[in-house]
Amino acid sequence: MGKPTGFMESGRQPPRRRPVAERKGDYQELYLDWPEADARKQGSRCMDCAVPFCHMGCPLGNVIPEFNHHVYMGEWQKALEVLLSTNNFPEFTGRICPAPCEASCVLSINADPVTIEYIEKEISDRGYREGWIKPNPPENRTGKKVAVVGSGPAGLAAAQQLNRAGHSVTVLERADYIGGLLMLGIPDFKLDKDVVRRRIQLMADEGVEFRTGVNVGVDYPVNDLLAEYDAVCLTGGSTQARDLPVPGRELDGIHLAMEYLPQQNKLLAGEELDPAEQITAEGKRVVILGGGDTGADCLGTAHRQGAEVVYQFELLPEPPEERTDNNPWPQWPMILRSSPAHEEGGIRDYNILTKFFSGSNGQVEKLHAVRVEWTAGEDGRFNMSEVPDSDMEVETDLVLLAMGFLHPEHEGMLTDLGVDLDGRGNVQVDENKMTSVPGVFAGGDMARGQSLVVWAIAEGREVARGVDQYLVGSSNLPRSMPTH
C-alpha cells in the first residue's frame, strides 16, 4: 500500500454531518463536503493486510484496497476506473449502503474500519464533477430485445449491463418515476433524487429505453411481453409489506411505511397530492413500529414534517453496543446501530409487542402493548413470552408500520407468467437466474428476498450475465457475486 503505517497514524474520520438543527429544517443530504486531504488520509488507513476480507463482505466483490490506494496517492481517475469495474452505481452505495465491507475490514478486529463507503461516494462524485463518468454506448448491437420489469437498483444494474453487451433494453416501470425505492422509498436527505436522475439520464444517453406507467400483468398482458422480447428480467422487488393483523388495524391514521414515505418524495419532486389523502406527521404524536432502516427513514421524515413526538418501537431486544463472543469478526456485527435520524430526536424502545389499537370516530388514538422477554430454548432458538403486568398505552395520532417485506406481489404478473416460487414466496431461479419459464429471468429482492441495495446491484449484474449467455450462447459480462 501507499502508506503501510497509515492505519497507525490516523483514526477513522468520516465527513462531518450538517448540524441537527439545520438539517431538520430541510430535505437536503446530511453530509458536508469532504476536504480532499481528509479523504486521502482516510485512504491511507487501508492496511497491507495480505487477505482483504472486505472483498468477502462486499456482495459486489469491489476491489477495495486498490481504490483506497489510488485515493491516498491522489490518483482519482484510476480509483474511479477500479471502482466502476465492479460497481455500476457507486454514487448510490456510497450514500445508502450499510457497508458490510467495513464490518469485514481487518482493522475492525480491534479498531475502527476504513471509511470505505464514504470513499466510494467521494470517488463517484468527483468522477461526475470532472466529467469522467459519461455515456458509454455499445459499439455494436446484437439485434436482441430484452425487457427489464422494475427499475430499482437491480433492474437498473441489469439494464446497464445488458445494454453494454449490445442488446436493446427496455425498462418497464409501473410507477410514474424510474428508480424504484431509490426514488420513492428512500428519503431525499439520504439520497438526493438529482443523483438518481443523473444516472438514469446517462443510461438513456447510452441507449436504454425507459417506460413508466406500465404495469405488467395488469395493463400490459404477459403474453404480449413474451411475444415482444427475446428475454425478460423480473426485478420488481419485494413489495408485499409485512402488516400487523391486530384489532383496530382498520382505524384511520395507521399506515404502511411505503404508503407514507413515497408521498414526501413526490411532494419534493413537485407533485401535488390530494390533501384528503396526504399522510403527514405535522403536530402529531407518531409511533413507528420497526427498528430497521425503513423505520429510521420514517423517523427522519417525521422530524422534518414537524411531529410533536416520535416513538420507535421494536419487538426484539435492544442489541449490544459491541460484538458478543458468538458474533466474531468478520461476521456482520449484530450490534446497536443509530442512524443520523436518531441523532435528531425520538424515543426508542425495545421488547414491545403491540396487542391492539383503539380510537374514536374511526381515528386511532392509542396503541396498546405489553413488554416481552426472550429466552433461549434447549434447541438454541429464542422464545418470546409476555411480561406479566407490563401492559402499556401510548397516545398516538399516526402509526407507521415499518416491519419489513414478505415477498414480491404474486397476483398479476407472476401468477400470469406461471413462474415457480420458493418456500418463502420469492421467485425461484436456477444458477443462471432463469425462472421455471424459459427466457424469463429474475433477480434482486424479487428472487433473493428483502435485502440491501448493494445486493440488488450484484443480483442485477448476475441476472444480466445469465440473460446474455441465454441470448448469444456465452457471456463476457463479469460475474461479480461472491459465493457466500
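**A walk through a predicted model**

Buried residues account for 51% of the 484 residues in this protein, which is shown here as a predicted model.

Visitor: How many helices and strands are there in the protein?
Guide: Let's start with the overall build. Along its principal axes, the C-alpha trace spans about 70 × 60 × 55 Å. Within that, the protein has 19 helices and 16 strands.

Visitor: What is the radius of gyration, and what does the globule rule give for 484 residues?
Guide: We can put the two values side by side. The protein is as compact as a globular protein of its length, because its radius of gyration is close to what the rule gives. The model's value is 23 Å, and the rule's is 23 Å.

Visitor: Where does Asn 62 lie?
Guide: Look for two helices, α4 (54-57) and α5 (64-72). Asn 62 sits in the loop between α4 and α5.

Visitor: Is Asn 62 buried or exposed?
Guide: The cut-off helps here: a residue counts as buried when its relative accessible area is under 20%. Asn 62 has a relative accessible area of 2%, so this residue is buried.

Visitor: Which side chain makes a polar contact with the side chain of Asn 62?
Guide: First, see what surrounds Asn 62. Setting aside neighbours within four places in sequence, Asn 62 is in contact with His 55, Phe 67, Leu 83, Thr 86, Asn 87 and Glu 120. The polar contact, at 3.2 Å, is with the side chain of Glu 120.

Visitor: How far apart are the centres of the positive and negative side chains?
Guide: The protein has 46 positive and 73 negative side chains. The centres of these two sets are apart by 6 Å.

Notes:
Residues numbered from 1 in each chain as written. Predicted model: local features only at pLDDT ≥ 70, side-chain atom pairs only at ≥ 80, totals over all residues. Heavy atoms only, no water. Helix = DSSP H or I, 4+ residues; strand = E, 2+ residues; numbered from the N terminus. Buried < 20%, exposed > 50% of the residue type's maximum accessible area, 1.4 Å probe, protein only. Polar contact = N/O pair within 3.5 Å; in protein donor to acceptor, adjacent residues only side chain to side chain. Contact = heavy atoms within 4.5 Å. Rg over C-alpha atoms; globule rule 2.2 N^0.38 Å. Lys, Arg positive; Asp, Glu negative; His and termini not counted. Charge placed at Lys NZ, Arg CZ, Asp CG, Glu CD.
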